[in-house]
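User: I've got a model open on my screen and I'd like to talk it through. Can you take my questions one by one?

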Number of protein chains: 2
Amino acid sequence: MPEGVTPKGARGRILNAALHQFASQGYGGTSVRDICAEAKVQVTTLYSHFPSKEHVLAEVIRLGNEEHFRLLRDALLESDPEPRKQLRNLVRAHVLSHCEFSMLAVVASSEMHSLSEELATPIIAIRSQSQSLLAEVFKRGIRLGLFDVPDIELACRAIGGMGLRVAFWYEPNCGKSPDEVADSYAEFALRIAGVDRSD
Amino acid sequence: MPEGVTPKGARGRILNAALHQFASQGYGGTSVRDICAEAKVQVTTLYSHFPSKEHVLAEVIRLGNEEHFRLLRDALLESDPEPRKQLRNLVRAHVLSHCEFSMLAVVASSEMHSLSEELATPIIAIRSQSQSLLAEVFKRGIRLGLFDVPDIELACRAIGGMGLRVAFWYEPNCGKSPDEVADSYAEFALRIAGVDRSD
DNA sequence: GTCTATAGATAGATAGAC
DNA sequence: GTCTATCTATCTATAGAC
């Protein structure tokens, strides 16, 4: 869990434990008792913080998506407004966040189907915001004649998807640093965008 | 399930039902009773075909990975041996299979963690074979001076990952045909490979 | 907030007749 | 292979004392 995002005390320990368990065993394969054992709290304590196991999952995913969105937004805010630089910085932030918080990404992308519509809706809204950041960069890049893609939606899905998958294979001792992966993927994204290589 | 892959009779109905349930509810969220109800068999019938629920999952994933490998291999066998054409045909087959058999891909990629090491090992072996097909094409393309990538492993992971994610969003009425998606992704892959655009 | 105890439902898997 | 019936374990969630 990102620093400063997890609440202090029992609630934070519960969310961290749930994150670990959901990432390695899945939502359905994790029991409330498993979470409580790792978090070193009683079952009743969990139910004093969350109305149900499903609400624990929803909170984990929501925190993850909000942090992810913040990182993308900050990357854009701090970027030179030139679309190629924006794309590069956005993809770098996307990949770095999936290296560093890979468990969050795994849970957020694998366990959405375990949420009821009521709990899923606000999370889907956050995710849409993140996706539109990339789409807007692409629209500007094309309007300014810097990008060349046949289909913006497919290009965004391809770039988003390849970055998302990083969370499923990256580990600190895999021989590559997050920075190396992020740089390579940013280069791939620029190539997908069809930027002129002679620049 | 691909035609001709699913066994006839009760066993085939069980595997198809399990595929549906695992894809929409996850392995842990699906009960043996759920599978049997959809397959219209008794619980005892399932246990006469499979030693456990986990073995049902393993068989679903194994069939999916074997079919996926076959499709990739056939695409290469039938391809002009020129590396750029090989890459294009391989990525097209990869994407088409993830459009057509998206449930299989979703289950195979989301539920591996539910398998014990014993049941996971043979499946991982098949997956490695599929991955090496792409890696070999890349090695040839670079040796012949046609591709230009900083890191083969990352390029393969990026291309494989963006194609895999297609299974999670593609649906027949999404406004794009599998062929359109496959063509665009093949173009993205060629761009990632750094092929000379002047050809 | 934290404990013991437990309700009530459902899970995976099996026995044994046919 | 198919049925009814059931075992045993575990699940989510709660009651009520402190």
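Analyst: Sure, here come some questions and answers on this predicted model.

User: Let's start with the fold. What pattern does chain A follow along the sequence?

Analyst: Chain A has nine helices and zero strands. Its C-alpha atoms fill a box of roughly 60 × 40 × 25 Å along the principal axes. Read from one end of the sequence to the other, the pattern for chain A is α-α-α-α-α-α-α-α-α.

User: How are the two copies, chain A and chain B, related?

Analyst: Chain A can be superposed on chain B by a rotation of 180° with 0.0 Å of shift along the axis, and the RMSD is 0.0 Å. The copies are thus related as by a two-fold rotation axis.

User: Why can we say that the copies meet through the same surface?

Analyst: On the contact count, 31 residues of chain A touch 31 residues of chain B. The copies meet through the same surface because the share of chain A interface residues that are also interface residues in chain B is 100%.

User: Which three residues supply the most of the area that chain A buries against chain B?

Analyst: The area buried between chain A and chain B comes to about 2,600 Å², with carbon and sulfur atoms giving 63% of it. On chain A's side, 24% of the buried area comes from a trio that beats any other three residues: A:Leu154, A:Arg165 and A:Arg191.

User: And the polar side of that interface? Which helix of chain A gives the most to the side that touches chain B?

Analyst: Between chain A and chain B there are 10 residue pairs in polar contact. Helix H1 (9-25), helix H8 (152-169) and helix H9 (178-192) of chain A each put at least two residues on the side that touches chain B. With 10 residues, the top contributor is H8(A).

User: What is the class make-up of the side of chain A that touches chain B, and how many salt bridges cross the interface?

Analyst: By class, the side of chain A that touches chain B has 13 nonpolar, 10 polar and eight charged residues. Side chains of opposite charge can pair when their charged atoms come close. A:Glu153 and B:Lys176 form a salt bridge at 3.4 Å, N to O. Across the interface of chain A and chain B, the number of salt bridges is six.

User: What about salt bridges elsewhere? How many residues apart in sequence are the parts that A:Asp179 and A:Arg92 tie together?

Analyst: The structure holds 32 salt bridges over all chains. In the one between A:Asp179 and A:Arg92, the closest N and O atoms are 3.0 Å apart. A:Asp179 lies in helix H9 of chain A and A:Arg92 in helix H5 (residues 83-100) of chain A, so the pair ties together parts whose separation in sequence is 87 residues.

User: Now the DNA. Which residue's side chain has a polar atom 2.7 Å from a phosphate oxygen of DNA strand C?

Analyst: The residues around DNA strand C come from both protein chains, including A:Gln42, A:His49, B:Arg33 and B:Lys53. Some approach the phosphates with their backbone: a polar backbone atom of B:Val32 is 2.8 Å from a phosphate oxygen, and a backbone N or O atom of B:Thr30 lies 3.4 Å from one. The residue with a side-chain atom at 2.7 Å is B:Tyr47.

User: Which element gives the largest share of the surface near DNA strand C?

Analyst: Of the strand C atoms within 4 Å of the protein, 55% belong to sugar or phosphate and the rest to bases. By class, the surface near DNA strand C has two nonpolar, eight polar and two charged residues. The largest share, three residues, comes from H3(A).

User: Over on DNA strand D, which residue puts a polar side-chain atom 2.7 Å from a base nitrogen?

Analyst: 13 residues surround DNA strand D, with A:Arg33, A:Tyr47 and B:Gln42 among the closest. Phosphate oxygens of strand D are approached by a backbone N or O atom of A:Val32 at 2.8 Å and by a polar side-chain atom of B:Thr45 at 3.2 Å. At the base nitrogen, the residue is B:Thr44.

User: Which element gives the most to the surface near DNA strand D?

Analyst: By class, this surface has two nonpolar, eight polar and three charged residues. With three residues, the element that gives the most is H3(B).

Methods. Residues are numbered from 1 along each chain as its sequence is written. Chains are lettered from A and ligands numbered from 1 in the order in which they are written. This is a predicted model: local features need pLDDT of at least 70, side-chain atom pairs count only at pLDDT 80 or more; totals for chains, interfaces and linings use all residues. Side-chain values use heavy atoms; hydrogens and water are left out. A residue is near a molecule or strand if one of its heavy atoms lies within 4 Å of it. A polar contact is a pair of N or O atoms within 3.5 Å; within protein, one must be able to donate a hydrogen and the other to accept it, and residues adjacent in sequence count only if both atoms are side-chain atoms. Helices (H or I, at least four residues) and strands (E, at least two) are DSSP runs, numbered from the N terminus. Ala, Val, Leu, Ile, Met, Phe, Trp, Tyr, Cys and Pro count as nonpolar, Asp, Glu, Lys and Arg as charged, and the others, Gly among them, as polar. Copies are superposed by least squares on the C-alpha atoms of residues with pLDDT of at least 70 in both. Contact means heavy atoms within 4.5 Å. Buried area is the accessible area (1.4 Å probe) that two parts lose on being put together, summed over both. A salt bridge is a side-chain nitrogen of Lys or Arg within 4 Å of a carboxyl oxygen of Asp or Glu.
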